[in-house]
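Work through the exercises below with the model in view. Try each task before you read its solution.

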Amino acid sequence: MHTYATVVLAAGKGTRMRSRLHKVLHRLAGSPLLDHVLKAVEAIPSTSVFAPFHDTVSTHRPVVVLGHDAEEVEAAFGERCHYALQEEQLGTGHAVLAAKEAVDALSPLPDLVLVCYGDTPLVRAEILAQIVTEHITKQATITFLTACSEGPSDFGRIVRDVSGRVQSIVEVKRATPEQLRIDEINSGVYCFERSWLWPTLEALPRNPGGEYYLTDLVEIASQQGREIATVQGTLDDTVGINNRVQLAQAEQLLRRRILERHMYAGVTILDPATTYVDDEVEIGPDTVLLPNTMLMGRTVIGAECTIGPGSTIEHSMVGERCIIRQSVLEEATLEDEVRVGPFSHCRPGAHLARGVYLGNYAEVKNSYLGPLTQMHHFSYMGDATIGSGTNIAAGSITSNFDGKEKHRTIIGEGAFIGCDTTLVAPVTIGNRAYTGAGAVVTRDVPDDTLVAGVPARFLRSLKQEEDVSAPAGEKQ
């Protein structure tokens, strides 16, 4: 049984980001940079590449090497990782060595150490799995990821002999003009034999800049005649984030991947260039995303929906066959066959049951709207519970805040709230009760009652009218 540990290097200060926030906590497609790397690491065992090795290779929680603002990163990721501290930043070799104590404390003791960077969010689980499996298959001392660059690059060049055997990785600032013409570059992702790694790192000399470079291990292994394997990936796998420009470039690359994933899964996206979908979003088949739509955070969209144009949905649950036109949803829940908009807003705690219709310029906050309820334009329901089949006419609102506290409004089933009604909470409107246009309701309204005026007063019982108008034999 082989066991590997993953070391993620995240100790850099990220000064080129010009930010108070730790570099690996900057967000990309809705998640921190480090989160994308950890997801790739955690997904290695579930990849198709890893499947033949699944019963013979095990893994541990990754070890994240931190330095600057370590507490901030630990607070964000908690027990998802083990942590090691690189108090003084003396290069990549020194950073990996800082993880030695944490790695050697793992049980069972890992045979292999996979190393990657916390600021390379586009690295894929499949390519990491390929590095691990290639390392095991070749019984290598070092296996690392390379890519081919068609133009100038700041990445180290891979130097091979005439037989194609890797001899060294030469950093750009130390490369000769001939070596700079090499198009095979280093990505910074490695897999090492643990028993060789630690003593070799401890004996590693400083380079002329006073640091310990992980890349120098390749030349040492070559001189020792050890097996060195490589896996070729794409330039996207090697993208590192050092500044806001690179962050924006990586955002474009990752969002393209995300949209393609959803389109292959049966989602129609009319204009990918203006559609933004975060990495954690789930979308059902046959849903259509129209231009200028943003789906953010932990949002779930059901099947056969139409979202947009111009809709923003964040941390919300949307059922099947819903239509959300030019509207905003935040931490809201919509059941099946709900229609919203255009230009409406569901704020946190909004729950629209099956078949609810929310017209234009309507707003719902911390409220439940029962099945088939209709809420029309320029209306507001805050801190309310509304029964099924109720009609909220245009301009109606709940006055839920008295200047000190929020109060709740309850509206029964089949009620009719007339145009421009103000419901001054706390207040309860009974089943099948009606309010007249412009009413200001300050007291509870019984079932089957019509109230109107300012303040609203009892006009008549609607139950009696039903009894009078009902055919013989149907009166109750």
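A disulfide is a pair of cysteine sulfur atoms within 2.5 Å. This is a predicted model, in which local features need pLDDT of at least 70 and side-chain atom pairs count only at pLDDT 80 or more, while totals for chains, interfaces and linings use all residues. Residues are numbered from 1 along each chain as its sequence is written, and side-chain values use heavy atoms, with hydrogens and water left out.

**Exercise 1.** Find how many disulfides a search of the whole structure gives.

Solution. The search of the whole structure finds 0. Now take Cys-305, which is in no disulfide. Its nearest cysteine sulfur belongs to Cys-322 and is 4.7 Å away. Cys-305 is also buried, with a relative accessible area of 1%. Buried means under 20% relative accessible area, exposed over 50%, and partly exposed in between (1.4 Å probe, protein chains only).

**Exercise 2.** Describe how helix H7 and helix H8 cross.

Solution. Start with the runs: helices (H or I, at least four residues) and strands (E, at least two) are DSSP runs, numbered from the N terminus. H7 spans residues 194-202 and H8 spans residues 216-223. Their axes come within 11 Å and cross at roughly 110 degrees. Axes are lines fitted to C-alpha atoms, for helices over the stretch in contact, and angles run from 0 to 180 degrees between N-to-C directions. H7 is therefore roughly perpendicular to H8 (65 to 115 degrees). Next, list the contact, meaning heavy atoms within 4.5 Å. H7 supplies Trp-196, Leu-197, Thr-200 and Leu-201. H8 supplies Leu-217, Ile-220 and Ala-221.

**Exercise 3.** Decide whether Asp-35 is buried or exposed, and place Asp-35 in its helix.

Solution. Asp-35 lies in helix H1, residues 33-42. Its relative accessible area is 7%, so Asp-35 is buried. Asp-35 touches Phe-77 and Arg-80, not counting residues up to four places away in sequence. H1 itself is mostly covered, with 8 of its 10 residues buried.

**Exercise 4.** Compare the two residues that the UniProt record annotates as "binding site".

Solution. The unreviewed entry gives Ala-394 and Ala-437. UniProt positions follow the numbering used here, feature names are shortened, and annotations may be inferred rather than shown by experiment. The two are spread over 44 residues of sequence, yet they cluster in space, with a largest C-alpha distance of 9.7 Å. Ala-394 counts as buried at 17% relative accessibility. Ala-437 counts as exposed at 66%. Look for a shared neighbour: Ala-394 touches Cys-419, among others, and Ala-437 touches Gly-418 and Cys-419, not counting residues up to four places away in sequence. Cys-419 is partly exposed at 38% relative accessibility.

Terms used: Parallel < 35°, antiparallel > 145°, perpendicular 65-115°, else oblique.
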